[in-house]
Amino acid sequence: MSVAVIGAGAFGTALAITLGRQGPVTLWGRDVAGMQAERQNPRRLPDVHFPDDLTVSTQLETALAADILLMAVPMQALAGFVSSHDLSGKTVVACCKGIDLNTGFGPAKILETAQHAAVLTGPSFAADIARGLPTALTLACSQDAVARDLQAQLSTPTLRLYRSADVIGAELGGALKNVIAIGCGAVMGAGLGHSARAALMTRGFAEMQRVAGAYGAQADTLMGLSGLGDLTLTCTSDQSRNYQLGLALGAGRAFDASVTVEGAATAQALRRVAADRKLDLPICGTVADLVDGHVDIKGAMDLLLGRPLKEE
Ligand SMILES: NC(=O)C1=CN([C@@H]2O[C@H](COP(=O)(O)OP(=O)(O)OC[C@H]3O[C@@H](n4cnc5c(N)ncnc54)[C@H](OP(=O)(O)O)[C@@H]3O)[C@@H](O)[C@H]2O)C=CC1
Ligand SMILES: O=C(CO)COP(=O)(O)O
């Protein structure tokens with residue numbers, strides 16, 4: 001089965017590198033001529049050289065002819081890409097994390113025009129995958145035979161994939177942890193301490209479980225790699241861009257708006273989710289307000305700490 005990665009950012013490039021170490025893979029991006037010549041992605045993964053079996057393509061048609069497509073464009077670009085390309089007959093794996101702001105859909109729903117849709121998610125920094133450091137992710141697909149096939153095709157000696165049938169749980173784990181990571185970064189950026197971060201992570205995780213439950217996800221999915229695992233990584237490492245945005249917000253510093261920070265749009269999308277499904281999501285709502293500039297970090301903390309006392 002041929003494999004192509006669509007989107008040559010940090011994550012798409014890292015996936016193509018690890019897959020290209022064990023067999024042929026095509027990497028398509030909008031602006032990859034330099035990568036083709038240099039055999040590396042100097043902007044997003046400098047100094048990691050492409051394996052010989054990785055073909056960089058500027059021809060989208062060539063890439064889309066592959067049997068398995070890994071979609072590694074940012075979440076807010078996924079629907080636009082899918083609506084302008086024919087994915088029928090394809091097995092498509094969403095590698096992005098988030099909720100589409102326009103529709104409120106996750107990646108699997110957006111990919112429903114494909115023959116088979118799956119989600120690849122969990123704790124992994126692109127740089128770690130590209131360097132061949134050990135990584136474990138969740139591969140979620142509702143069709144067991146497809147899940148097993150993808151698990152076999154996409155696992156590598158350093159990238160260990162666990163199967164799950166709970167697609168909605170897996171994608172929500174990956175989407176929601178980014179929002180909490182922004183909040184944790186803000187706490188640390190404002191110098192509020194490790195205890196406050198632990199509280200925010202834990203209560204944020206409670207909100208993640210509330211949302212996932214409302215969508216019918218299995219409770220134990222959130223306890224796995226795509227939920228607790230990715231929450232832990234992203235809320236504790238300054239390699240995370242979501243956490244970095246939070247650090248900047250907490251410290252009152254500017255942040256480069258061109259950086260992909262999926263949790264920012266997802267926090268906005270969650271406002272609608274909370275209203276539609278009548279969910280109490282104070283941390284996610286406060287992160288949305290912080291990102292929007294409706295409150296500063298002091299106002300955010302006052303909002304959260306001033307809520308009526310309740311049972312855990
Ligand atoms: N980086 C990481 O460690 C991880 C990232 N992810 C997820 O992967 C997804 C992508 O993130 P990441 O690779 O890091 O982001 P980057 O910012 O590194 O790259 C995004 C890439 O998407 C391309 N792109 C943007 N819009 C479009 C479009 N409309 N059509 C085609 N290509 C487009 C960009 O192209 P251009 O350069 O031309 O703008 C760029 O190559 C996110 O959802 C993220 O959460 C998941 C796990 C780890
Ligand atoms: O999803 C990630 C780690 O699993 C990458 O996190 P950031 O998008 O915050 O950099």
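Two strands count as paired here if DSSP finds at least two bridges between them. Keep that in mind as you open this predicted model, because the tour begins in the sheet, where strands 4 and 5 clear that bar with four bridges.

**Stop 1: strands 4, 5 and 6**

Select residues 68-71, which make up strand 4, and add strand 5; the two run parallel. For a landmark, find I68, which sits opposite T91 of strand 5. Now bring in helix 4, residues 75-83: together with strand 4 and strand 5, this helix forms a β-α-β unit, and the unit is right-handed.

Next, show side chains on strand 5, residues 91-94. T91 and V93 head one way, V92 and A94 head the other way, and all of them are buried. Then extend the selection to strand 6, residues 116-121, which pairs with strand 5, again in the parallel sense and over four bridges. A94 has V119 as its bridge partner in strand 6.

**Stop 2: the nonpolar core**

Which residues touch the most other members of the largest nonpolar core? Pick L70, M71, V93 and I180, out of 103 residues in that core. Color helix 8 as well, since no element gives more to this core: its contribution is 13 residues.

Stay on M71 for a moment. Leaving aside residues up to four places away in sequence, M71 touches I6, G7 and L78, plus V92, V93, A94, C95 and C96.

**Stop 3: ligand 1**

Select ligand 1 and display its surroundings, a shell of 26 residues. The closest are G9, A10, F11, C96 and T260. Helix 1 (10-20) and helix 4 each put at least two residues into this shell, and the largest share, four residues, belongs to helix 4. Color by residue class and you get 13 nonpolar, eight polar and five charged.

**Stop 4: ligand 2**

Over to ligand 2, where 13 residues make up the surroundings. Label P123, D230, S240, R241 and N242, the closest of them. At least two shell residues come from each of helix 8 (167-189), helix 11 (225-236) and helix 12 (241-251); helix 11 has the largest share, with three. By class, the shell around ligand 2 splits into four nonpolar, five polar and four charged residues.

**Stop 5: Q244**

While helix 12 is on screen, click Q244, which is part of that helix. Is Q244 buried or exposed? Q244 is buried, because 20 other C-beta atoms lie within 10 Å, and 20 or more is what buried requires. Setting aside residues up to four places away in sequence, Q244 touches G185 and D238. Try a distance too: from Q244 to S2, C-alpha to C-alpha, is 36 Å, and the pair is 242 residues apart in sequence.

**Stop 6: two positive phi angles**

Finish with a pair of loops. Go to R39, between helix 2 (33-38) and strand 3 (54-57). Its phi is near 60°, a positive value in a residue that is not glycine. R39 counts as partly exposed because it has 13 other C-beta atoms within 10 Å.

Then jump to K278, in the loop from helix 13 (262-277) to helix 14 (282-292). K278 is not a glycine either, yet it has a positive phi of about 55°. Why does K278 count as exposed? The reason is its 7 C-beta neighbours inside 10 Å, as a residue with 12 or fewer is exposed.

Methods:
Residues are numbered from 1 along each chain as its sequence is written. Chains are lettered from A and ligands numbered from 1 in the order in which they are written. This is a predicted model: local features need pLDDT of at least 70, side-chain atom pairs count only at pLDDT 80 or more; totals for chains, interfaces and linings use all residues. A crossover is right-handed if, with the strands pointing away from the viewer, the path from the first strand over the helix to the second runs clockwise. A residue is near a molecule or strand if its C-beta atom, placed from the backbone, lies within 6 Å of it. Ala, Val, Leu, Ile, Met, Phe, Trp, Tyr, Cys and Pro count as nonpolar, Asp, Glu, Lys and Arg as charged, and the others, Gly among them, as polar. Two residues are in contact if their C-beta atoms, placed from the backbone, lie within 7 Å. A nonpolar core is a set of buried Ala, Val, Leu, Ile, Met, Phe, Trp, Tyr and Cys residues joined through C-beta atoms within 7 Å.
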